[in-house]
Amino acid sequence: MSEFRIHHDVNELLSLLRVHGGEGAEVYIDLLQKNRTPYVTTTVSAHSAKVKIAEFSRTPEDFLKKYDELKSKNTRHLDSLVYLLSKLTEDKETLQYLQQNAKERAELTANAAASSSTNFSIPPSTSKISLQELEELRKQLGSVTANSSVQQLTRKMLRDKQTKKNSGQPVPVFPSWVYERPALIGDFLIGTSLSTDTTVPIGTLPLASQESMIVEDLLYVLIGVDGRYVTAQPLIGRQNRAFSVDPNLDLSIKELVTRILPVAASYSAVTRFIEEKSSFEYGQVNHALAAAMRTLIKEYMILITQLEHLQRQGLLSLQKLWFYIQPTMRTLEILASLATSVDKGECMGGSTLSLLHDKTFNYTGDSQAQELCLYLTKAASVPYFEILEKWIYRGIINDPYSEFMVEEHELQKEKIQEDYNDKYWDQRYTVVQQQIPSFLQKMADKILSTGKYLNVVRECGRDVTCPVAKEVIYTLKERAYVEQIEKAYNYASKVLLDFLMEEKELVAHLRSIKHYFLMDQGDFFVHFMDLTEEELKKPVDDIITTRLEALLELALRMSTANTDPFKDDLKIDLMPHDLITQLLRVLAIETKQEKAIISADPTELTLSGLEAFSFDYIVKWPLSLIINRKALTRYQMLFRHMFYCKHVERQLCNVWISNKTAKQFSLHSAKWFAGAFTLRQRMLNFVQNIQYYMMFEVMEPTWHILEKNLKLVS
């Protein structure tokens with residue numbers, strides 16, 4: 001967890017618990033960072049934590065039900081949260097505080113609701129609904145929920161979101177008849193019985209005939225078509241498909257039929273998933289997963305066709321059917337489980353891959369199940385890895401369905417000059433946490449940086465492609481990705497570094513900034529201060545900026561600064577407040593005093609030109625990523641301090657010149673000036689020494705370290 005995340009979470013917790021005053025969030029943040037230890041989840045620790053909370057809870061069934069639901073949705077950090085809650089159950093003091101806090105919050109909410117409530121009355125019901133009618137109504141509502149109208153609405157919402165993201169470019173869609181013809185879907189059609197045969201009551205038939213009839217029915221039910229004696233029930237919400245079997249059927253046969261029917265329920269769930277996720281709106285990863293499942297379903301259909309041949313020849317008994325579908329049963333069960341988990345978690349892109357990867361790992365020890373999950377994860381990861389390859393090898397994002405871990409935001413490059421923070425670098429590309437596949441979690445920051453580096457060079461008009469580019473293929477061995485991403489990252493770093501150092505002359509620009517902001521060019525400053533002395537004495541409102549700019553130009557041309565190729569990037573900046581106020585404003589950022597200091601009126605004293613004066617520097621893209629507004633503000637604050645010291649030194653020197661008139665007085669009267677002369681000399685000595693210390697003891701050595709590091713950097 002990053003430092004910023006800890007800051008955010010602690011502040012959220014304090015506001016939730018309504019904790020005001022005290023020592024503030026900073027104390028807790030420091031404690032958390034000092035005592036932080038990684039939590040390693042194991043099946044045993046997660047299970048024991050779950051059991052402990054269930055024992056502690058007043059409604060353990062509800063807790064376990066909720067836990068299983070969140071687990072099926074593949075909710076991240078669930079086990080670590082449960083572990084934390086189990087630890088809280090042991091801490092009596094904390095529990096007591098939380099109970100009291102919850103009680104107070106409930107009272108506050110109730111009072112707020114009472115004060116803002118309107119006179120709203122529910123009309124009394126005149127008639128009661130019988131249990132049978134209620135059950136029927138529930139079934140109808142369930143079938144409506146499962147109806148295509150809900151899916152249609154979901155598809156429309158996703159399509160609108162994707163069209164908006166892709167700057168109005170429409171997302172490809174299937175023609176409307178694909179959804180309007182339910183017979184095209186391989187699932188059961190409820191309430192549209194196509195059979196015109198008169199059904200013979202099965203209880204009246206001999207046992208052999210009953211078996212023969214049921215085998216025929218089951219072969220239909222296993223491919224999503226209702227039989228005469230076995231029919232599918234309407235779906236209720238997201239529940240599994242249920243079936244009704246003729247109650248007159250012989251009990252021994254009925255027992256075998258109920259064992260076979262879960263296969264039909266799994267087939268129904270998988271078919272619905274394939275049909276739904278094949279739509280473009282659900283993204284390329286889900287589309288690829290649905291395609292892989294369709295391939296497996298085709299193999300299942302071939303098996304059923306072969307069984308139908310046997311049945312026509314009279315060679316298929318119910319026992320044989322049970323035997324033949326045994327291997328397929330496990331496969332369909334896993335497919336249905338995956339389909340349900342993806343559906344419940346509303347997974348797309350990276351979150352789908354996380355779920356598949358975790359399932360693959362969970363099946364360690366069951367080679368058949370693991371192989372199946374591995375096949376599906378490999379197939380589903382292909383489109384995701386194609387986006388990843390384009391990003392880490394070329395710095396391009398092509399993600400029309402918002403599935404990738406890196407998200408692009410439109411920002412203008414040159415706006416960096418206006419912003420205090422370097423917004424382009426921080427906000428143009430950001431990581432979307434829920435779209436990071438769990439197997440790439442550790443490499444997320446490197447993946448983001450790799451693409452960013454290449455993208456900077458690309459935006460300067462140079463086409464870059466990583467020479468060590470290889471296809472990324474999903475495997476359980478994480479080292480394979482780590483090595484490829486590391487190579488791509490090293491290449492991208494080198495390309496950007498060479499580009500900034502050689503083509504964009506970063507070091508030369510930094511030296512230029514040092515000349516002016518750290519007062520490196522002595523003769524230039526003597527010229528400049530001589531020329532602008534009268535102008536800078538005026539109040540800041542009376543100063544004509546264009547006149548100062550002209551004098552700056554003159555000073556640059558008349559001094560050794562004329563040899564600097566970047567001298568034209570130097571500009572005049574008259575600040576609205578003095579240096580101390582500027583420092584206070586910077587220190588107040590993200591503190592309680594920020595609003596007060598920013599909204600406070602500027603000091604009542606009128607600023608002179610000298611107090612408001614500073615240099616500014618025009619930095620063009622992509623150097624503005626490094627010499628950003630934040631860095632320039634720091635240089636400006638250093639310069640304002642140094643410039644004022646230089647001004648004080650000049651004033652003291654002028655006093656020394658004016659003191660020479662004392663020589664014309666007689667020795668007796670001149671002694672009265674001795675104390676003043678001594679004070680002036682001590683002041684001058686102090687100012688010169690502090691300037692010497694700042695420039696030669698602090699700035700020069702650290703500047704040499706910077707230049708040395710820039711030469712060694714890789």
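**Helix packing, aromatic pairs and salt bridges in a predicted model**

Within helix α15, the buried residues are G350, S351, T352, L353, S354, L355, L356, H357 and T360. The structure described here is a predicted model. Helix α15 spans residues 350-362 and comprises 13 residues. From its first C-alpha to its last, helix α15 reaches 18 Å, close to the 18 Å expected at 1.5 Å a residue. The cover over the buried residues of α15 includes helices α4 (60-72), α12 (283-312), α14 (326-344) and α16 (367-394).

Helix α12, one of the elements covering α15, also takes part in a salt bridge, through R294. The partner of R294 is E275, and the closest N and O atoms of the two side chains are 3.9 Å apart. Because R294 lies in helix α12 and E275 in helix α11 (residues 251-277), this pair ties together parts that are 19 residues apart in sequence. R294 has a relative accessible area of 32% and is therefore partly exposed. E275, with a relative accessible area of 27%, is likewise classed as partly exposed.

In total, 27 salt bridges were counted in the model. Among them are two pairs that are each contained in a single helix. In the first of these pairs, the side chains of E483 and R479 meet at 3.1 Å, N to O. Both residues belong to helix α19 (residues 479-503), where E483 and R479 are four residues apart, about one turn of the helix. An α-helix has 3.6 residues a turn, so residues three or four places apart point the same way. The two partners fall into separate accessibility classes: E483 is partly exposed, at 40% relative accessible area, whereas R479 is exposed, at 62%.

In the second pair, R557 forms a salt bridge with E553, and the closest N and O atoms lie 2.6 Å apart. R557 and E553 are both located in helix α22 (residues 545-558), again with a spacing of four residues, about one turn of the helix. R557 is partly exposed, with a relative accessible area of 37%, and E553 is also partly exposed, with a value of 36%. Elsewhere, salt bridges that share partners join E276, K277 and D343 into one network.

Aromatic side chains were examined next. The structure contains 27 aromatic pairs. One of them is formed by F517 and F639, whose ring centres are 6.2 Å apart and whose planes meet at 70°, so the pair is edge-to-face. This pair links distant parts of the chain, as F517 lies in helix α20 (residues 506-517) and F639 in helix α26 (residues 629-659), 122 residues apart. F517 and F639 are both buried. The two residues also belong to a cluster linked by ring pairs, which consists of Y516, F517, F524, F525, F528, F613, F615, Y617, Y635, F639 and F643.

At the surface, a nonpolar patch of about 410 Å² is made by I580, L583, L584 and L587. L587 is situated in helix α23, which covers residues 579-587. With a relative accessibility of 66%, L587 counts as exposed, because the cut-off for that class is over 50%. L587 in the patch thus contrasts with the aromatic pair described above: L587 is exposed, whereas F517 and F639 are buried.

Methods. Residues are numbered from 1 along each chain as its sequence is written. This is a predicted model: local features need pLDDT of at least 70, side-chain atom pairs count only at pLDDT 80 or more; totals for chains, interfaces and linings use all residues. Side-chain values use heavy atoms; hydrogens and water are left out. Patches are made of residues with over 30% relative accessible area and no salt bridge: like charges are joined within 9 Å, nonpolar side chains (Val, Leu, Ile, Met, Phe, Trp, Tyr) within 5 Å. Accessible areas come from the Shrake-Rupley method with a 1.4 Å probe; for residues, only the protein chains shown count as cover. A salt bridge is a side-chain nitrogen of Lys or Arg within 4 Å of a carboxyl oxygen of Asp or Glu. Buried means under 20% relative accessible area, exposed over 50%, partly exposed in between (1.4 Å probe, protein chains only). The expected span of a helix is 1.5 Å times one less than its number of residues. Contact means heavy atoms within 4.5 Å. Rings of Phe, Tyr and Trp (its six-membered ring) pair if their centres lie within 6.5 Å; planes under 30 degrees apart count as stacked, over 60 as edge-to-face and the rest as tilted.
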